Amino acid sequence: ARITELESIVDEKERQLEAESKINDESNMLLLEEQITQLLREQEFFQKTLELERKTTAEQHECQLDSLRDKLSEATSIIQEKEQEYLNQKSIHVHEQIKLQEGISQLNEQIENLEICHQSLQIKEDEYKREMA
């Protein structure tokens with residue numbers, strides 16, 4: 001009965017881990033997608049602005065072009081940083097999942113050991129009962 005209870009607890013913890021993992025992954029992905037979408041909108045805006053500026057004087061055009069290039073470069077850097085942050089978070093999550101799996105394996109080993117002990121005790125109890133009879 002205790003073994004069944006421990007197995008039930010292990011199963012519940014595994015389900016909770018999977019649920020939390022999905023929620024965290026989905027939440028992180030949605031946040032990252034929103035940030036990337038916003039940056040892509042800004043990039044599109046800067047590209048459209050760049051097209052309009054081509055109609056201005058050469059001096060204004062050159063100055064604004066440099067500014068827009070800097071902003072595009074900055075937006076690209078931010079996208080790369082956000083992607084790296086996401087990959088780092090994913091790596092940490094995978095590491096935590098590995099630790100939990102190791103813990104679960106250890107619990108399973110302990111359960112097996114308890115089952116062996118239980119069987120051994122059962123055999124000894126049966127032998128004792130035979131001797132007493």
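**Exercise 1.** Find which residues line the largest pocket, and which helix gives the largest share.

*Solution.* Start with the list: Leu 6, Ile 9, Val 10, Lys 13, Leu 17, Leu 100, Gly 103, Ile 104, Leu 107, Gln 110, Ile 111 and Leu 114 form the lining. A pocket here is an open set of points on a 1 Å grid over the protein atoms alone, where a 1.4 Å probe fits, with protein on both sides within 12 Å along at least five of seven lines; lining residues have an atom within 4 Å of a point. Next, place them: helix 1 (2-53) and helix 2 (58-132) each give two or more residues, and helix 2 gives the largest share, seven residues. Helices are DSSP runs (H or I, at least four residues), numbered from the N terminus.

This is a predicted model, where local features need pLDDT of at least 70 and side-chain atom pairs 80 or more, while totals for chains, interfaces and linings use all residues. Residues are numbered from 1 along each chain as its sequence is written, and side-chain values use heavy atoms, leaving out hydrogens and water.

**Exercise 2.** Look at Glu 44 and Lys 48: what links them, and how far apart are they in helix 1?

*Solution.* First, check the atoms: the closest N and O atoms are 3.2 Å apart, a salt bridge (a side-chain nitrogen of Lys or Arg within 4 Å of a carboxyl oxygen of Asp or Glu). Then count along the helix: they are four residues apart, about one helical turn. Finally, check accessibility: Glu 44 has 41% and Lys 48 has 49%, so both are partly exposed (between buried, under 20% relative accessible area, and exposed, over 50%, with a 1.4 Å probe and protein chains only).
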